[in-house]
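This report is meant for a reader who is meeting the structure for the first time. It goes from the whole chain to its interior and then to single residues.

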Amino acid sequence: MATLVFMLLMSIFSTFIHAIPTSTGQKVTKRSVTVDLPRNPGYAPNGRLQYSRALKKWGVPMDDELDDATNSFRGGGETGDVNAESIMGDREYLSRVGFGTPFQYLNVDLDTGSADVWVYSSETKTKTRREDIFELEKSSTAELLNGSEWRITYGDSSYAWGHVYHDSIDIGGIPLHNAVVQSAVDVSQSLSSDKDIDGIFGLAYDLHSQVRPKQPTVLSTLKSHLDKPVFTADLRYQSDEGAYTFGYIDHHRHIGEINYTPLLPNSTFWEFNFTGLHVVGHNYWYISQWRVIADTGTTLMLLSPDIVNMYYDAVPNATSDRSFGGLWHYPCNTTLPDFEIGFANGWVARVPGRYMNYTTYDDLPGRCMGGLQPFMSEEFGILGDIFLKAVYAVFDIGGGKVGFADKDLGL
């Protein structure tokens, strides 16, 4: 993957443990974990910045004006809880994950849209304003993989690269030993400017990391430790009750059945089709087939321009203009309509209109930016957190499918 973004998760970890024998006679601890997601109520989102980050992550060119503007989740056995300091707005969810021996806890972004696990470390040459980094010299188990390196280049030519280590990781009380940890040596200033995030924790389905020579991803290592090969995301709109669970599905967090959709053949991302679109209040549905990727690491919902135009045609005084990078905006006192997405299994997801209202503009008084924006890719779209906050999402690693269910949105 040629690009990345920031937005993620983690807080209280409930751990269920039992041991099973392997073919070698060793015992592997199988676990399941809950990671709660407190909210940071003090964060004011920057809409244009999040849009530009999403485009850069997925390698889609952006309008020159926008570029200029943006530069200015039950097994059995024991249980355990791990308290965590989380920093979150509706822009990004940051989670406390431990690295090294003893564990050093950092705020990282759990990202279903990438595969690399990289952190700022004592090797990082770029000056940053963050308080926490991974101090390699304090880990007794850090083992440098000589001859290995990783390098990520973003759509705007920003970059990160560094060294590769084997070391321990603690995610919600599940210890992963000899996992691949990527230490950042050099990071472009445009990436390091987010002082709250200490790294990225990639959870893409079957994507290779950027480590060369090739190494197993952390998700493939984590999968062998889970009670069931699944994780879930229950992101919450402006609430401290959201959670990721690893190794089990928390049936208290959803309403009704979980409706599964298979991943597309040879998917490396969590990529699948949906088949219908509807603006609530209008009689007609758009029926077709659209490819999308479920990405916890993207704030917005990004779909083709014709879909976006259809939605904002139902919003009074909504407009899109080049001076704001082609972003759609509307009067802030507008009540946005709900947006529905249908699937071939018959299930329909409804995204409340208030979720679609993303942020205000400092330089455009009285106007607000929508959480649905155009994505100039003919191949796929992105269902980011605007969509994921409206559903209970199951990422089934073993079954090669995603599941969605209704949940109590507190409306």
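What follows describes the overall make-up, the nonpolar cores, a cavity and three residues.

The model is a predicted one, and its protein chain has seven helices and 26 strands. Of the 411 residues in the protein chain, 60% count as buried, while the area that the chain exposes comes to about 16400 Å², with carbon and sulfur atoms supplying 48% of it.

In soluble globular proteins, nonpolar side chains tend to be buried together. In this model the largest nonpolar core has 90 residues, and those with the most contacts inside it are Phe-99, Phe-201, Met-301, Phe-339, Phe-387 and Phe-404. Helix α5, which covers residues 305-312, gives this core its largest share, namely five residues. Another core lies apart from it and has 15 residues, including Trp-118, Tyr-120, Ile-152 and Leu-191.

The interior also holds empty space, and the largest cavity has a volume of about 40 Å³. This cavity is lined by Ala-115, Val-117, Val-180, Gln-182, Ser-209, Pro-216, Thr-217 and Val-218; sorted by class, the lining has five nonpolar residues, three polar ones and no charged ones.

Three single residues can be set side by side by their relative accessibility.

| Residue | Relative accessibility |
|---|---|
| Glu-271 | 8% |
| Leu-226 | 2% |
| Trp-118 | 0% |

Trp-118, already named as a member of the 15-residue core, lies in strand β5, which spans residues 117-120. Trp-118 counts as buried because its relative accessibility is 0%, under the cut-off of 20%. Although 82 residues separate Trp-118 from Ile-200 in sequence, the two are 5.5 Å apart in space, taken from C-alpha to C-alpha.

Leu-226 has its place in the loop between α4 (218-223) and β11 (230-234), and with a relative accessibility of 2% this residue counts as buried. Between Leu-226 and Tyr-248 there is a separation of 22 residues in sequence and of 8.2 Å in space, again from C-alpha to C-alpha.

Which residue does the side chain of Glu-271 meet in a polar contact? Glu-271 is found in strand β14, made up of residues 271-279, and counts as buried at 8% relative accessibility; its side chain makes a polar contact with the side chain of Arg-291, at 2.7 Å.

Methods:
Residues numbered from 1 in each chain as written. Predicted model: local features only at pLDDT ≥ 70, side-chain atom pairs only at ≥ 80, totals over all residues. Heavy atoms only, no water. 1 Å grid on protein atoms, 1.4 Å probe; cavity = no way out; pocket = protein on both sides within 12 Å on 5 of 7 lines; lining within 4 Å. Points joined across faces, edges and corners; volume = space filled by probe spheres on them. Nonpolar A, V, L, I, M, F, W, Y, C, P; charged D, E, K, R; others polar. Helix = DSSP H or I, 4+ residues; strand = E, 2+ residues; numbered from the N terminus. Buried < 20%, exposed > 50% of the residue type's maximum accessible area, 1.4 Å probe, protein only. Areas by Shrake-Rupley, 256 points an atom, 1.4 Å probe, with all protein chains shown as cover. Core = buried A, V, L, I, M, F, W, Y, C linked by side-chain atoms within 4.5 Å. Polar contact = N/O pair within 3.5 Å; in protein donor to acceptor, adjacent residues only side chain to side chain.
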